[in-house]
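Hello,

Here is the structure I promised to pass on to you. Please open it first, and then read my notes below with the model on your screen.

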Amino acid sequence: MRGIRGAITVAHNEKEEIWQAAQDMMQEILQRNALQPEDIGAVIFSMTEDLTASFPTAGVRRIPGFELVPLFDARQCAIEGSLPLCIRVLVLADTDLRQAEIRHVYLGEAARLRPDIAG
């Protein structure tokens, strides 16, 4: 099992925008790491306090194959100066990829969070 990190920002606190961003990020993680939904043990999402319109998991549930994947939402710590309107994710997946081969996904303004590991 490996952990795969990701983050994405949205422009507005709107339900459909949050859902679409979560879907885009998850689909990119799947593609870059050659994963299928059945390879995933669990997915943990967190959002900054300025995102209140919806849960990102509701958007990911619309991706085929995610009906049975355990998904969890949480609130990020409110840290002064942190990136606003940000959704983060930790995917726990079964894969034969080595740690160094994992492709983490940072999209939008979130790309500046971890340029050292963003793929």
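**What I found**

A small detail makes a good starting point: S46 stands opposite R88 in β4. Please keep in mind throughout that this is a predicted model.

**The sheet**

The pair S46 and R88 belongs to a longer ladder: strand β2, residues 40-47, and strand β4, residues 86-93, are joined by seven bridges and run antiparallel. One place further along, M47 has I87 of β4 opposite. M47 also has a bridge partner in β3, namely R75. The pairing of β2 with β3 is parallel and has five bridges.

How do the strands line up in the sheet as a whole? There are five of them in an open sheet, in the order β3-β2-β4-β1-β5, with mixed pairing. At the edges you will find β3 (71-75) and β5 (105-106), each of which pairs on one side only. For background, strands of a sheet pair through backbone hydrogen bonds, either parallel or antiparallel.

The other side of the sheet can be followed through β1. Eight bridges link β1 to β4 in the antiparallel sense, and one of the pairs there is T9 with C86 of β4. Towards β5, β1 pairs in the parallel sense over two bridges, with G6 opposite V105.

**The helix on the sheet**

Next, please look at α1. This helix has 18 residues and spans 26 Å from its first C-alpha to its last, close to the 26 Å expected at 1.5 Å a residue. Which of its residues are buried? They are I18, W19, A21, A22, Q23, M25, M26, I29 and L30. In an α-helix there are 3.6 residues a turn, so residues three or four places apart point the same way. The cover over the buried residues of α1 includes β1, β2, α2 (56-60), β4 and β5.

Just after α1 comes A34, with a positive phi near 50°. A34 is not a glycine, and most residues other than glycine have a negative phi. A34 sits in the loop between α1 and β2, and it counts as exposed because its relative accessible area is 70%, above the 50% cut-off. L85, in the loop between β3 and β4, is another residue other than glycine with a positive phi, again near 50°.

**The cores**

The largest nonpolar core has 27 residues, and those touching the most other members are M26, I40, V43, F45, F66, I87 and V91. Two or more residues of this core come from each of β1, α1, β2 and β4. The largest share, seven residues, is given by α1.

F45 is a good residue to click on here. Beyond its neighbours within four places in sequence, F45 has contacts that include A22, M25 and M26, as well as P56, V60, F72, I87 and V89. There is also a second, separate core of five residues, among them A7, C86, Y106 and A110.

**The cysteines**

How many disulfides does the structure hold? A search of the whole structure finds zero. C77 and C86 form no such bond because their sulfurs are 13 Å apart, which is too far, whereas a disulfide needs the sulfur atoms within 2.5 Å. The surroundings of these cysteines are worth a look as well: C77 is exposed, at 64% relative accessible area, while C86 is buried, at 0%.

**One loop residue to look at**

Finally, please find A11, in the loop between β1 and α1. Is A11 buried or exposed? With a relative accessibility of 51%, A11 counts as exposed. Apart from its neighbours within four places in sequence, A11 is in contact with E17 and L85, the latter being the residue with the positive phi mentioned above. A11 and E109 are 98 residues apart in sequence, yet their C-alpha atoms are 9.7 Å apart in space.

I hope these notes help you find your way around. Do write back with any questions.

Best wishes

Definitions and conventions. Residues numbered from 1 in each chain as written. Predicted model: local features only at pLDDT ≥ 70, side-chain atom pairs only at ≥ 80, totals over all residues. Heavy atoms only, no water. Pairing = 2+ DSSP bridges. Helix = DSSP H or I, 4+ residues; strand = E, 2+ residues; numbered from the N terminus. Core = buried A, V, L, I, M, F, W, Y, C linked by side-chain atoms within 4.5 Å. Buried < 20%, exposed > 50% of the residue type's maximum accessible area, 1.4 Å probe, protein only. Contact = heavy atoms within 4.5 Å. Expected span 1.5 Å × (residues − 1).
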